[in-house]
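Here are a few exercises on helix geometry and packing. Grab your viewer and work through them one step at a time.

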Amino acid sequence: MTDIYAAIKTDHDRHRELLATLEDTSGDSEARRGAWEEFYHDVKAHAAAEEETFYSVLLGKTWGQEHARHSVHEHQELDDIMEELNEMEMSSPGWLTRFKTLKHDYEHHIEEEEQEIFERAREVISEREISGFGKKFLARKEKEAGLIEKKKANALEE
């Protein structure tokens, strides 16, 4: 059974791989487009699931409120950059410049989560609850991914 920390870390590891792939590609190539699509959709689903299942617990604790709010705020900032990138031409120099900002900020965010937030969360989420939160996270992420795909399909029809 997957615990919440392992589920989040597994996503982070995949996101790191995709960021490296994106950095190593150039122009509007098939490889860059494919890596971007996967990264964009997975990060959106991941962030929504994380906020609903993980950060919601931390918001209920006085010491966790500031950290949870900070992380949720970073999610919004990252989402804003991702939306900018989604609207830009991948072959433009501006896309790569903005992508490097996203990569830096996202890597900082996930390091902070794994090194600081997880430690604090272990004080709130008991050992016996870890797998339950992991299941909730994965189920919510799957649901969010479906909503993203539905929204994408609707946009293509318009």
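**Exercise 1.** Work out how the span of helix H4 (residues 93–121) compares with the expected one, and find where H4 bends.

*Solution.* Start with the length: H4, a DSSP run (H or I, at least four residues, numbered from the N terminus), has 29 residues. Its first and last C-alpha atoms lie 40 Å apart, close to the 42 Å expected at 1.5 Å a residue (1.5 Å times one less than the number of residues). Next, the bend: H4 turns by about 35° at Glu-113, taken between axes fitted to the seven residues ending there and the seven starting there. This is a predicted model, with local features needing pLDDT of at least 70 and side-chain atom pairs pLDDT 80 or more, while totals for chains, interfaces and linings use all residues. Residues count from 1 along each chain as its sequence is written, and side-chain values use heavy atoms, leaving out hydrogens and water.

**Exercise 2.** Describe how H1 (residues 4–24) packs on H4.

*Solution.* First the geometry: the axes (lines fitted to C-alpha atoms over the stretch in contact, angles running from 0 to 180 degrees between N-to-C directions) are 11 Å apart, at about 160°. So H1 is roughly antiparallel to H4 (over 145 degrees). Then the contacts (heavy atoms within 4.5 Å): H1 residues including Tyr-5, Ile-8 and Leu-19 meet H4 residues, among them Trp-95, Phe-99 and Glu-113.

**Exercise 3.** Do likewise for H1 and H2 (residues 30–59).

*Solution.* The axes come within 10 Å and cross at roughly 155°. H1 is therefore roughly antiparallel to H2 too.

Notes
Helices (H or I, at least four residues) and strands (E, at least two) are DSSP runs, numbered from the N terminus. Angles under 35 degrees count as roughly parallel, over 145 as roughly antiparallel, 65 to 115 as roughly perpendicular and the rest as oblique.
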